[in-house]
Amino acid sequence: MDKIVKYYMAPLESVTTWIYRQAHAKIYGRLDKYFIPFLEPHEKRDFKTRELQEILPEHNEGIYAVPQILTNKADGFIRIGRALKDYGYQEVNLNLGCPSKTVVTKGKGSGFLAFPEELDRFLDEIFEALGSELKLSVKTRIGKERPEEFPRLLEIFNHYPLEELIIHPRVQTDGYKNHPRMEMYDLAAKESKNPICYNGDLFNQEKLEKFQRERPFDDWQGISHESGTSPSGNRTERILGISRSGLSRLSGTGSGWLPKRAI
Ligand SMILES: Cc1cc2nc3c(=O)[nH]c(=O)nc-3n(C[C@H](O)[C@H](O)[C@H](O)COP(=O)(O)O)c2cc1C
């Protein structure tokens, strides 16, 4: 069986706009997925004008785009999820990673990780309502304050048939500082019942090669998916989310380092 590495564009709010996504795809070639920076539920309407520009199908033509939702309210998530389905989307992603203070103090983004039982109920409600209509994926940090929070969170994610679990292995209080806590990603590689995607600090070819060298594909493929509970069964895929690296690529400082198949 072929071993495939997939590359996703991670979302950067107000940077990876639809124009950026389309320009990047045209200049560097199409990546496997493009995550749309987060949308939030609103009281009176589904989408603000700026958000609508991001999700319009004609602005995402030719690429596999996944809208992301930032909320801790299941009813809001379900409402936006249905509206996105009406626009033709097959998959939506929950943001459990945003470290910004204004978001976190409201218990959203990585702030939601401090409330595992509420998160479990939230996931239960959204899967009950949308699980048969849409693929649901999660982008998460490994905790609010401490990496040791992650095993409990992983146990919760394992209760649900996620399309994939994207892991940025920092805690909220790291912001984008410190180093990704690779031991927690490796734990997920062993214990996750869902397909996982790595995200964080893969800025250049050297870092990408180091990642691949330290996690040989043959070791990797046996682990997280052997239980057969993963939606895709025994996978021979490795998935890597890139984002800030995309910026350096577009500005020319890091261009051309992704393997040809990805670009
Ligand atoms: C300016 C900025 C905006 C971001 N916006 C989002 C967002 O809307 N949704 C999200 O899940 N992550 C967001 N992120 C996080 C990135 O998607 C990514 O997880 C992070 O940059 C780490 O990956 P990298 O080291 O490859 O850049 C943002 C990061 C930055 C720096």
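**An enclosed strand and its surroundings**

In this predicted model, strand E3 (residues 65-69) is largely enclosed by the rest of the structure, because five of its five residues are buried. Both faces of the strand are covered. Ala65, Pro67 and Ile69 are buried on one side, while Val66 and Gln68 are buried on the other. That back-and-forth pattern is no surprise, since side chains in a regular strand alternate between the two faces of the sheet.

What does E3 pair with? One partner is strand E2 (residues 33-39), which runs parallel to E3 and is joined to it by four bridges. Here Tyr34 has Ala65 as its bridge partner. Getting from one strand to the other involves helix H2 (residues 49-55), and E2, H2 and E3 together make a right-handed β-α-β unit. E3 also runs parallel to strand E4 (residues 91-96), this time with two bridges. In that pairing, Ile69 is matched with Leu94 of E4. The chain makes its way from E3 to E4 through helix H3 (residues 74-86), and this β-α-β crossover is right-handed.

Ile69 turns up again when we look at the nonpolar interior. The largest nonpolar core has 54 residues, and Ile69, Leu165, Ile167 and Ala188 are the ones with the most contacts inside it. E2 supplies the largest share of this core, namely five residues. Leaving aside residues up to four places away in sequence, Ile69 touches Phe38, Leu39, Phe77, Ile80, Val92, Leu94 and Asn95.

Further along the chain, strand E6 (residues 165-167) runs parallel to E7, and three bridges join the two. Ile166 sits opposite Cys197 of E7 in this pairing. To get from E6 to E7, the chain passes through helix H7 (residues 182-191) in a right-handed β-α-β crossover. Strand E7 (residues 196-199) has Ile196 and Tyr198 pointing one way and Cys197 and Asn199 pointing the other, and all of them are buried.

Just past E7 comes a backbone oddity. Asp201, in the loop between E7 and helix H8 (205-214), has a positive phi of about 60 degrees even though it is not a glycine. Ser14 does something similar: it is not a glycine either, yet its phi is positive, at about 60 degrees. Ser14 lies in the loop between strand E1 (4-9) and helix H1 (18-28). Are these two residues exposed or partly exposed? Ser14 counts as exposed because it has 8 C-beta neighbours inside 10 Å, whereas Asp201, with 17 other C-beta atoms within 10 Å, is partly exposed.

Stepping back to the whole protein chain, the secondary structure adds up to ten helices and eight strands. Of its 263 residues, 38% count as buried. Among contacts between residues at least 6 apart in sequence, 76% link residues at least 24 apart.

How confident is the prediction? The average pLDDT for the chain is 86, and 83% of the residues score at least 70. Some stretches fare worse. Over residues 219-235 the pLDDT stays under 50, and the model has 28 contacts beyond four places in sequence for them. Residues 246-256 also have a pLDDT below 50, with 13 contacts in the model beyond near neighbours in sequence. Where pLDDT is low, the predicted coordinates should not be read in detail.

Notes:
Residues numbered from 1 in each chain as written. Predicted model: local features only at pLDDT ≥ 70, side-chain atom pairs only at ≥ 80, totals over all residues. Buried ≥ 20, exposed ≤ 12 C-beta atoms within 10 Å, placed from the backbone. Pairing = 2+ DSSP bridges. Right-handed = clockwise from strand over helix to strand, strands pointing away. Contact = placed C-beta atoms within 7 Å. Core = buried A, V, L, I, M, F, W, Y, C linked by C-beta atoms within 7 Å. pLDDT = per-residue confidence, 0-100.
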